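Please look through the structure shown here, chain by chain, before reading on. The paragraphs below it are meant to be followed with the model in view.

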Amino acid sequence: MNAVHCQQIEKSFGQGETRTKVLRGVDFAAAQGEMTFLVGPSGCGKTTLISIIAGLLASDAGSVSLFGESLCSLSARDQILFRRRHLGFVFQQYHLLPSLTAAENAAVPLLAAGMNRKLAVKKATELLGALGIGNRADAAPRLLSGGQQQRVALARALVHEPRLIICDEPTAALDHKSGESVMELLSSAAVHPDRAVVVVTHDNRVFRFAHRIAHMDDGVITHIESPGNQI
Amino acid sequence: MTYVAFQMLIGDRAKYIGLLFAVAFSTFLLQNQTSIFSNLMKRAGNQIRDVTDADVWVMAPKTEYFDQTKALQESDLQKVRGVSGVDYAVRIFKGLPIAKTRKGQFAACSVLGLDDATLLGAPRNMILGNWQDLWKPNCIVLDKAGYLLLFPGEELKLGQELELNDQRVKVVGISDALPAFTTFPLIHARYTEALTFQGRQRQQLSFVLVRPTVGTSPDELATRIAEQTGLMALTTSQFQRASVVYYLKNTGIPVNFGITVVVSIIVGLVVTGQTFYLFILENLKQFGALKAIGVTNGSMLGMVLFQSSLVWFVGVSIGTALSATFFNISSLVIQLRHFIFFWESAVGVAAFMLLIIALASSAGLMRVIRLQPAEVFRS
Amino acid sequence: MKIKGLILPTVAGICLVYAAVSIAQSHPQRVLTDPPKAPPRTSFAHTIAAVGLIEPSSESIHIGSHRIGVVTKVNVIAGDKVAKDQVLFRLDTRDLSAQRKTALAKIAQATAESRTTAVLLDQARRRLKSANSLTDPRALATEERDDRASECARLEAQLATSQATIALAQAELETVETEITRSTVTSPIDGTVLQVRVREGEFIEGGSSNDPRLIVGTIDPLHLRADIDEFEIARLKPGAKAIASPRGDAERKYELQFVRYEPLVIPKKSLTGDSTERVDTRVLQAIFRLKNPDDRLFIGQQMDVFIESHPRKSDS
């Protein structure tokens, strides 16, 4: 089953004369157990598309279903709860809370779900260990390197075992080596038979990690390629 | 998430301290100003409050405040005694003679002439000497501030002499009488002697002081005395209030202080509100990330409320402690003696700060609630 | 796990407690006190208050003198009990004694004169009788007999004059003696000497009682004269109970027995010891008897008086 299934998504921004159509009928799908890349030039509508997939934006037309569930049919609150339960995010700028430790940052989704703080932090710490930065669990984000921060962000995306992980330019702020290792971790830790991973990137050095690459331009998916996953 | 909110708040030490400082400073400023103002105005009624032997003051009709008296007739005392519900009624004289020292220092003094038979109204709080010595002839009790005014640079000691209307009197006690609104030295003397300080006047009875019998409330009795004697009768607190109101209405002090208080309020509002609002704005990105992750608006509200309550609690507590310290210290200064930190001011300002922070945080909160979580994807 | 950042909230908590304690401690408590000495209090539910003076039941009798003169002897001191007509003091009577002697001498002289006249009258009568017995006109001339009759009449008149002179001198004597009696001042009543302001050797002008030289009065029973404000007259109860306590000693209470009212409402003279007396209202004076006075009460003492009364209309 497709984890993500989008049909004819349309989205415009602005009003009147300045109104620009960003998405012009996008069909997009991502399968469980796969890492799907969404690539294309800046301003082609990648970010808008994943925002809509994640439920952070409402589309003007078309339908989005996640794991067979139509997002549009859910109430605003249920959308948030759905997101909290089933989605994980990795942002380009990490968006870690500077005042929390690495482990605490990673534990935020668990805390948001109401888990006891000690338990959540313990779980997050274990995960950080699995991602290779267990020794920095108590460090503040500003003391970590970019790669380390992105790993913490990755842990945050994984800690509550979501079924869909959305990564927005996860390597754009990193040097090549760190980006490589983050992608390696992503493909090893995140890819799971029950989970779909959508990565927005235009870093072609990491294309090889993709199971499938959807090329996007000017508001539509132009073509999809399956490079065959050789890690 | 409370923990996350807490860490977010204290994470940026500089901002956190700045925020607390703003709240604490505004709190201190407001409490300080309102309390000093209230203390100052309250002085207008202090001499009334200081007579603890009576609950009702009987005076000439149309009396507006304590320092403006029209003498009663001696027979009015008997009339008041004839009102049922009066436990006792005793006369008191209030005059404003000039006192001169041997060295030539002089000052107008507020003299209370206490009934010779009972010494009702004697100053109970003494720094030096005994008020009981007022029974002796030509003896007076002077308040400490008055002493320092009349005998500048001299240490407090008994036995100093003053000349009042060619009468030589001896200071047998230095009292800690509650300060009056005016800076006149306060003298307690016996009625018949106080009359001679003033020079001849046709009538000299300033007030009749009354205590109600058990089971009669002062208010009830005051109303009854006024009805039955045609005189004006006020309870201690009514008379105090009337005197304070008189000064509020007829002096520029309230306007002056009012402006200060308003400025303090504005400064408090701007500094505190602005700082707190900015604090939320600066964390908007973090809030956005949390929102994307799936934190509900309800939790956001809880977080902001928690942060604002904490800032309020810590800031106001520190500010209040500063104010308390200020008043603890200032009470040692003779000019500010008996200035107290009104709990009403403490609580009122705390409530006001709560309001300001609530306003600021709700303004910030609106931004958080309206925030599009999709913003987080824009780097 | 330890949560950092709890220091400031903890400090704040301490601050709050400190501020609260400071406020609580510095907040002045207005503790009601009782007057140093108890003020006068009524014993009645409805009362008229007045000021009264203790006076003798006879009122104060200001003893004066009929005569002016120098005091030679004062027989009493203040506080003495005196009986009616007991001598209080005497004035110098030496001038009167001299006048008395003169009067006595006048009496003696007149008496002697009258005796002489009586003897001569006897003789003249005898001679007239013998003349009348000689019926012969030739034995004695008629003229001689008429002369003898005239002599008789003259002497009778002279005798009457002498006797009148005696009476006059005696009257003079009595006048002087009355004056002598009046030089001794006695008590008009059984009572007590309240004040003696006369000393031996002093000159008394007599007359005015504004400056009494000696005051006598009956102090058993003692009376109290209370000034009741004219506005309160309506509330007076006939024969009402009343109590009085001395100024400055309100704990002592004396029961009063109503005696009478003064019929005249008079301008009130201030009794409250001020430097100037002045009229501020009119008062009805009520006289009470002190039921059980003790030796701590004195004439002229000011008392706070409470008289049981009718309630005011507005009293519930």
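What follows goes from the fold of chain A to its contact with chain B, and then to the domains of chain B and its contact with chain C.

The model is a predicted one, and every statement below should be read with that in mind. Chain A is built from six helices and ten strands, and its C-alpha atoms fill a box of roughly 50 × 40 × 35 Å along the principal axes. For 231 residues, a compact globule would be expected to have a radius of gyration near 17 Å, and the value for chain A, 17 Å, agrees with that. Buried residues account for 50% of the 231 residues of this chain. Where contacts in chain A link residues at least 6 apart in sequence, 70% of them join residues at least 24 apart.

Within chain A, four strands make up an open sheet in the order β2-β1-β4-β5, with antiparallel pairing. The edges of this sheet are taken by β2 (20-31) and β5 (69-70) of chain A, each of which has a single partner strand, so one side of each is left without a neighbour in the sheet. Strand β1 of chain A, residues 2-13, runs antiparallel to β2(A) and is joined to it by nine bridges; on the β2(A) side, A:Ala29 is the bridge partner of A:His5. Helix α1(A) lies across β1, β2 and β4 (61-66) of chain A, and its direction makes an angle of about 120 degrees with β1(A).

Which parts of chain A meet chain B? The contact brings together 24 residues of chain A and 23 residues of chain B. On the chain A side, α1 (46-54), α2 (76-86) and α3 (102-112) each supply at least two residues, and α2(A) gives the most, with five residues. By class, this side of chain A divides into 13 nonpolar, six polar and five charged residues.

Chain B is assigned two domains, domain 1 (2-44 + 252-377) and domain 2 (50-250). The centres of domain 1 and domain 2 of chain B, taken over C-alpha atoms, are separated by 45 Å, and nine residues of domain 1 are in contact with 13 residues of domain 2. On the domain 1 side of that contact, the elements giving two or more residues are α2 (13-42) and α9 (253-282) of chain B, and the residues on this side comprise five nonpolar, one polar and three charged.

Helix α4 of chain B, residues 74-81, has eight of its eight residues buried, so the helix is largely enclosed by the rest of the structure. Charged and nonpolar residues both appear in α4(B), the buried ones including B:Glu74, B:Asp76, B:Leu77, B:Lys79, B:Val80 and B:Arg81. Their cover includes β1 (56-59), β2 (86-95), β11 (207-212) and α7 (218-229) of chain B, together with β1 (47-56) and β10 (222-229) of chain C.

That cover leads on to the contact between chains B and C, which takes 51 residues from chain C and 45 residues from chain B. On the chain C side, the elements giving two or more residues are α1 (7-26) and β1 of chain C, and the largest share, eleven residues, comes from α1(C). The side of chain C that touches chain B divides into 22 nonpolar, 16 polar and 13 charged residues.

Key:
Residues are numbered from 1 along each chain as its sequence is written. Chains are lettered from A and ligands numbered from 1 in the order in which they are written. This is a predicted model: local features need pLDDT of at least 70, side-chain atom pairs count only at pLDDT 80 or more; totals for chains, interfaces and linings use all residues. Two residues are in contact if their C-beta atoms, placed from the backbone, lie within 7 Å. A residue is buried if 20 or more other C-beta atoms lie within 10 Å of its own, exposed if 12 or fewer, and partly exposed in between; C-beta atoms are placed from the backbone. Domain bounds come from an automatic or database domain assignment. Two strands pair if DSSP finds at least two bridges between them. Axes are lines fitted to C-alpha atoms, for helices over the stretch in contact, and angles run from 0 to 180 degrees between N-to-C directions. The radius of gyration is taken over C-alpha atoms; the globule rule is 2.2 Å times the number of residues to the power 0.38.
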